[in-house]
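Here are my notes on the model you sent round. I've kept them as numbered points so you can check each one against the structure.

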Amino acid sequence: MIVQVPPVVAKKTPYAALFELNWLTASGRPAFSQPSPPRSAWGVGPRKFVGIYAATFKQLKFAMLTIASMLGLAYLMKLLGMTSTLGLSLATTGVAFPFFSAFVGWLGVFLTGSDTSANALFGNLQVVTANALHLNPVLTASVNSAAGVMGKMISIQSIAVAVAATGMTSKDESRLFRFTIKHSILLMIVMGLLSMMFAYVLPSYVPIAAGK
């Protein structure tokens with residue numbers, strides 16, 4: 001019932017919005033079930049094991065809800081055409097877009113705290129913009145992920161985890177952010193320049209998307 005229309009596609013095309021219940025191959029399934037077999041080797045009884053699982057879920061419940069909501073928002077924006085509209089707007093940056101594609105990926109991870117969530121949120125935007133500018137969508141989608149990693153070090157979630165893991169206090173979070181942001185911005189700029197180089201100087205080094 002969802003149809004893509006020009007200028008996102010050449011002609012009206014049904015959107016393949018298919019639901020897949022891939023619970024066996026989902027990345028979370030091994031993480032969920034992996035601790036079960038070796039628990040006896042650890043000397044952990046069934047009751048204590050269930051208690052550890054319950055405590056873990058209690059600790060991570062808001063993080064899991066946030067990630068699930070972000071992925072849901074990404075699919076909603078994608079199917080409503082919002083990311084396509086944003087992509088067409090970004091196409092006005094013209095030849096400079098390969099650089100800005102790095103900024104978009106960096107910003108996405110800074111906001112969401114997850115490269116996966118940023119790819120779900122802005123990956124389609126990168127592809128739509130690249131197609132509108134006759135650039136290689138493989139490059140911009142890849143840069144979205146690669147530059148996003150540079151935003152991981154300044155995401156609030158990452159800083160909070162680092163502070164908790166190293167025994168620092170919450171007052172150290174701002175100090176850690178100030179220290180890492182300059183490195184993050186510098187690396188994002190480097191990724192933007194590399195994107196420009198592969199877009200216009202070494203385009204043959206980037207794979208071509210299937211069907212292109």
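The points below start with the overall layout and then go through the cores, one helix pair and a few single residues.

1. Before anything else, please keep in mind that this is a predicted model. The secondary structure amounts to 8 helices and 2 strands. Reading from the N terminus, the order of elements is β-β-α-α-α-α-α-α-α-α, with both strands ahead of the helices.

2. On overall dimensions, the C-alpha atoms fit a box of roughly 60 × 45 × 30 Å along the principal axes. Of the 212 residues, 28% are buried. If you take the contacts between residues at least 6 apart in sequence, 66% of them join residues at least 24 apart.

3. The largest nonpolar core has 11 residues: Ala102, Trp106, Leu139, Val143, Ala147, Met150, Ile154, Met188, Met191, Ala199 and Val206. Helices α4 (97-112), α6 (137-152) and α8 (172-200) are the elements that each supply two or more of them. The top contributor is α6, with 4 residues. There is also a second, separate core of 7 residues, and its members include Met70, Ala74, Val104 and Leu121.

4. Met150 is a good residue to click on if you want to look at the largest core from the inside, as it is one of the 11. Setting aside neighbours within four places in sequence, Met150 contacts Trp106, Ser184, Leu187, Met188 and Met191. Trp106, Met188 and Met191 are themselves on the list of core residues.

5. Next, the pairing of α4 with α8. Two packed helices are described by the angle between their axes and by the distance between those axes. For α4 and α8 the angle is about 145° and the axes lie 7 Å apart. Their crossing is right-handed.

6. Which residues of α4 and α8 meet? From α4 they are Pro98, Phe99, Ser101, Ala102, Phe103, Trp106 and Phe110. On the α8 side they are Phe177, Ser184, Ile185, Met188, Ile189, Met191, Gly192, Leu193, Ser195, Met196, Ala199 and Tyr200. Sorted by type, this contact has 15 nonpolar residues, 4 polar and no charged ones. Among those taking part, Ala102, Trp106, Met188, Met191 and Ala199 also belong to the largest core.

7. Is Asn144 buried or exposed? This residue sits in helix α6, and it counts as buried because its relative accessibility is 0%. Its side chain has a polar partner: the side chain of Gln126, at 2.9 Å. Apart from residues up to four places away in sequence, Asn144 touches Ser101, Val104, Gly105, Asp115, Ala118, Asn119, Phe122, Gly123 and Gln126. Val104, one of those neighbours, is also a member of the second core.

8. His134 deserves a look at its backbone. It has a positive phi of about 60° although it is not a glycine. You'll find His134 in the loop between α5 (115-132) and α6. With a relative accessible area of 74%, over the 50% cut-off, His134 is classed as exposed.

9. Pro137 is in helix α6. It has a relative accessible area of 10%, so it counts as buried. Pro137 and Ile2 are 135 residues apart along the chain, and their C-alpha atoms are separated by 23 Å.

10. Two partly exposed residues round off the list. Ala55 is in helix α2 (residues 46-80), and its relative accessibility of 45% makes it partly exposed. The C-alpha atom of Ala55 is 41 Å from that of Ile189, which lies 134 residues away along the chain. Ser33 belongs to helix α1 (residues 28-33) and is partly exposed at 27% relative accessibility. Between Ser33 and Lys152, 119 residues apart in the chain, the C-alpha separation is 27 Å.

Definitions and conventions
Residues numbered from 1 in each chain as written. Predicted model: local features only at pLDDT ≥ 70, side-chain atom pairs only at ≥ 80, totals over all residues. Heavy atoms only, no water. Core = buried A, V, L, I, M, F, W, Y, C linked by side-chain atoms within 4.5 Å. Buried < 20%, exposed > 50% of the residue type's maximum accessible area, 1.4 Å probe, protein only. Contact = heavy atoms within 4.5 Å. Polar contact = N/O pair within 3.5 Å; in protein donor to acceptor, adjacent residues only side chain to side chain. Axes fitted to C-alpha atoms, helices over the stretch in contact; angles between N-to-C directions. Left-handed = near helix turned anticlockwise from the far one by under 90°. Nonpolar A, V, L, I, M, F, W, Y, C, P; charged D, E, K, R; others polar.
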